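Got the viewer open? Load the model, switch to cartoon, and follow along one selection at a time.

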Amino acid sequence: MAERKVIKAFRDRTSDGQRFHVGELYEGDQERLDELSALGFLEAVEEKPDSDDDKQQDKEPEQAPEEEKPKAKRGRQKKDGDDA
């Protein structure tokens, strides 16, 4: 059995009309918790990765730093027919 926090007061039809008030914890099976969450009575639970391996898969692979290219020599290059 799991539990979630009540965010909107309600009377539960599956527990003989028991009232649940804001701030209380509602305990039930996962299917019922999901149903009440979808209806807005219980807080929604965000799915979180369980392990660091999942976090690593979500990240983009880091790029290796680019190698420095040799810089071109500056100055005038000789062309065919250039005597200087």
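Which residue in β4 is the bridge partner of Arg4? Select Arg4, look across to β4, and you land on Tyr26. Keep in mind throughout that this is a predicted model.

**Stop 1: the strand pair**

Now widen the selection to strand β1, residues 2–5, together with β4. The two run antiparallel, and 4 bridges join them. Next, show side chains along β4, residues 25–28. Tyr26 and Gly28 point to one face and are buried. Leu25 and Glu27 point to the other face and are not buried. That is the pattern to look for, because side chains in a regular strand alternate between the two faces of the sheet.

**Stop 2: the whole chain**

Zoom out and color by element. Starting at the N terminus, you should pass through β-β-β-β-α-α, which makes 4 strands and 2 helices. Switch on a surface if you like: the accessible area is about 8,300 Å², with 44% of that on carbon and sulfur atoms. Of the 84 residues, 15% count as buried. If you draw contacts between residues at least 6 apart in sequence, 41% of them join residues at least 24 apart.

**Stop 3: confidence**

Recolor by pLDDT. The chain averages 79, and 56% of its residues reach 70 or more. Where does the mean pLDDT of an element come out highest, and where lowest? Strand β3, residues 18–20, has the highest mean at 96, while helix α2, residues 52–58, has the lowest at 55.

**Stop 4: Asp12 and Arg32**

Go back to side chains, since there are 4 salt bridges in the structure. Start with Asp12 and Arg32, whose closest N and O atoms are 2.5 Å apart. This pair links distant parts of the chain: Asp12 sits in strand β2 (residues 10–12) and Arg32 in helix α1 (residues 30–38), 20 residues apart. Buried or exposed, what is Asp12? Asp12 is buried, at 1% relative accessible area. Arg32 is buried as well, with a value of 10%.

**Stop 5: Arg13 and Glu35**

Step along to Arg13 and pick Glu35 with it. They form another salt bridge, with 2.8 Å between the closest N and O atoms. Arg13 lies in the loop between β2 and β3 and Glu35 lies in helix α1, so the bridge ties together parts that are 22 residues apart in sequence. Check the surface here too: Arg13 is exposed, with a relative accessible area of 63%, whereas Glu35 is partly exposed at 31%.

**Stop 6: closing the network**

Stay on helix α1 and select Arg32 and Glu35 together. They are 3 residues apart, about one turn of the helix. Their salt bridge has its closest N and O atoms at 3.2 Å. Which residues end up in one network? Show Asp12, Arg13, Arg32 and Glu35 at once: salt bridges that share partners join these residues.

Key. Residues numbered from 1 in each chain as written. Predicted model: local features only at pLDDT ≥ 70, side-chain atom pairs only at ≥ 80, totals over all residues. Heavy atoms only, no water. pLDDT = per-residue confidence, 0-100. Buried < 20%, exposed > 50% of the residue type's maximum accessible area, 1.4 Å probe, protein only. Contact = heavy atoms within 4.5 Å. Areas by Shrake-Rupley, 256 points an atom, 1.4 Å probe, with all protein chains shown as cover. Pairing = 2+ DSSP bridges.
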